[in-house]
Amino acid sequence: MYLRSFWCRFSSAAIGLTLGVGLTVGTPRPGHTLTFELDFVSGPTTDIFNVGTTTANFAPYGFRLNLPEIQAGALAAVNNDFLGYPTLGANANSPLPNGKQLNINFEVSTALTAPVNGDSEYYYVAIGTNTTGNSSLFGQACQSCVRMPFLTGPSVPNHSVLGSILTDRIATLAGLASTDAARINLLVETISHEIGHTLSLVHPPGPEANPGASIYTLMSVVTAPTNQPDSERIKDQAFSYSEFGTLIDSVGLRDAAPVPGPIVGSGFPGMVLAAIGIFSHHLGGDGGRRSPELLTAQPAHVRLRQPTIAGTIAVSPNAIAVLGGGGGSKN
Ligand SMILES: [Zn+2]
C-alpha cells in the first residue's frame with residue numbers, strides 16, 4: 001500500500017531557530033490575529049526548506065468542482081478544523097470554552113499576497129505540484145515554528161512560506177475517494193496537519209478521542225507512531241481533544257463573536273453546498289447552535305467567513321455529516 005508521506009522537519013536549523021530567535025516566556029500574546037494563507041501557488045514557489053512547487057493540477061483527483069470551488073472547499077474545511085471545533089457546551093470532552101474560538105484566521109491566496117483581513121502577522125503554506133526538493137512526501141512544515149504552548153513569538157520570519165502541500169503526491173491516493181467531499185478531505189487532511197505542526201502538534205501514538213469522523217486524528221500518520229490506515233484519509237478527521245488543548249495553549253482564544261452571515265448573494269449558501277454534495281465537518285460549535293462551515297463557489301482570495309447564520313441549523317455535535325458519502329461511519 002501507499003506509504004504515508006507526511007513528514008516533519010525537525011532539522012537542526014529549525015531547532016536552532018526555535019531556541020535562538022525571539023522566543024520569550026510569559027509575555028502577553030500579540031493582540032492582533034495570526035493568519036495562515038493557503039496559497040494555491042500560481043507559479044514557481046519555494047518554501048523555507050527549499051522545497052519547490054508550481055501550479056497544482058487537480059485533474060487526477062476527479063473533482064466535479066472547478067478550481068475556485070476546490071479552493072473554497074479547502075478553506076471551509078480548514079476553517080472548520082480550527083474554528084469549527086465543538087465547545088464544551090456542545091461536547092463535554094472539548095477543551096474549548098463556550099463562546100470562544102482559536103485566535104487564528106485562514107484565507108486563500110494564489111501569489112503570496114497579503115491577507116485581505118489586514119492581519120500583520122501571516123504565513124503561507126504553498127499548495128501545488130512538487131518541482132524540487134521532495135519527490136515522495138505529501139507535505140512538510142516547520143515544527144513549532146509559529147507558536148508553542150506557554151511561549152510566545154514565532155521562530156521564523158513573518159510572512160515566511162512555512163511548508164508545502166504537494167498536490168501531485170496526494171493525488172496518488174485519489175482512488176480512495178469517490179465523492180468531492182472525500183476528495184476535499186484527502187487534500188485538507190494534509191493542509192491542516194502541516195499547519196498543526198507549525199503550532200506545536202506532533203504525531204499521536206495511535207487513535208485519540210476526537211469529535212471527527214475517524215478514530216484517528218488529523219495529526220496521524222500511516223507510519224509509526226500512529227500507524228493509521230490510508231483509508232482514514234478520506235474521512236472528515238478532526239484534531240483530538242488533547243491536540244486541540246495544545247492549540248489553545250499555543251494560539252490563544254478570542255470571543256467567537258458573530259460574524260456577518262453569507263457573503264455570497266442573498267441566498268443560503270448551504271443550498272450551493274448541498275447541490276455539489278459537500279457539507280463539511282464537525283457540526284456543532286457554540287452550544288450546538290453554530291452552523292456548519294458552508295462551502296460556496298467563490299473566487300480565489302475571498303475569505304470565507306466562519307458563518308453564523310440567522311436561523312442556523314441546530315445539529316447535535318455527534319451528528320457528523322459528510323453528505324455525498326465517503327465519510328464512512330462516525331466514531
Ligand atoms: Zn506530520
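The protein averages a pLDDT of 76, and 67% of the residues score at least 70; the model is a predicted one, and its confidence falls off in two stretches. Over residues 260–331 the pLDDT is below 50, although this stretch has 183 contacts in the model beyond near neighbours in sequence. Residues 1–30 likewise stay under a pLDDT of 50, and for them the model has 54 contacts beyond four places in sequence.

**Overall fold**

The protein contains six helices and eleven strands, and buried residues account for 53% of its 331 residues. Among contacts between residues at least 6 apart in sequence, 77% join residues at least 24 apart.

**Two helices of the core**

The helices α2 and α4 both contribute to the largest nonpolar core, each supplying at least two residues, and their dimensions are set out below.

| Helix | Residues | Length | End-to-end C-alpha distance | Expected span | Buried residues |
|---|---|---|---|---|---|
| α2 | 67–83 | 17 residues | 23 Å | 24 Å | 14 of 17 |
| α4 | 180–198 | 19 residues | 28 Å | 27 Å | 19 of 19 |

For α4, the distance between the end C-alpha atoms agrees with the span expected at 1.5 Å a residue, and the helix bends by about 30 degrees at Val188. Because 19 of its 19 residues are buried, α4 is largely enclosed by the rest of the structure. After α4 comes Ser200, whose phi is positive, near 90 degrees. Helix α2, by comparison, is described as mostly covered, with 14 of its 17 residues buried.

**The nonpolar core**

The largest nonpolar core has 62 residues, of which Leu38, Ala74, Val78, Val125, Ile127, Leu162 and Ile191 touch the most other members. Besides α2 and α4, the elements that each supply at least two residues to this core include β2 (34–40), β6 (104–109), β7 (121–132), β10 (161–166) and α5 (241–251). Leu162 has contacts that, leaving aside residues up to four places away in sequence, include Tyr123, Tyr124 and Val125, together with Ala141, Cys142, Cys145, Val146 and Val156, and also Asp47, Ile48 and Thr198.

**Strand β6 and its partner**

Six of the six residues of β6 are buried, so this strand is largely enclosed by the rest of the structure. Both of its faces are covered, with Ile104, Phe106 and Val108 buried on one side and Asn105, Glu107 and Ser109 buried on the other. Strand β6 pairs with β2 in the parallel sense over six bridges, and Ser109 in β6 stands opposite Asp39.

Note on methods: Residues are numbered from 1 along each chain as its sequence is written. This is a predicted model: local features need pLDDT of at least 70, side-chain atom pairs count only at pLDDT 80 or more; totals for chains, interfaces and linings use all residues. Helices (H or I, at least four residues) and strands (E, at least two) are DSSP runs, numbered from the N terminus. A residue is buried if 20 or more other C-beta atoms lie within 10 Å of its own, exposed if 12 or fewer, and partly exposed in between; C-beta atoms are placed from the backbone. Two residues are in contact if their C-beta atoms, placed from the backbone, lie within 7 Å. The expected span of a helix is 1.5 Å times one less than its number of residues. The bend at a residue is the angle between axes fitted to the seven residues ending there and the seven starting there. A nonpolar core is a set of buried Ala, Val, Leu, Ile, Met, Phe, Trp, Tyr and Cys residues joined through C-beta atoms within 7 Å. pLDDT is the predictor's confidence in each residue, from 0 to 100. Two strands pair if DSSP finds at least two bridges between them.
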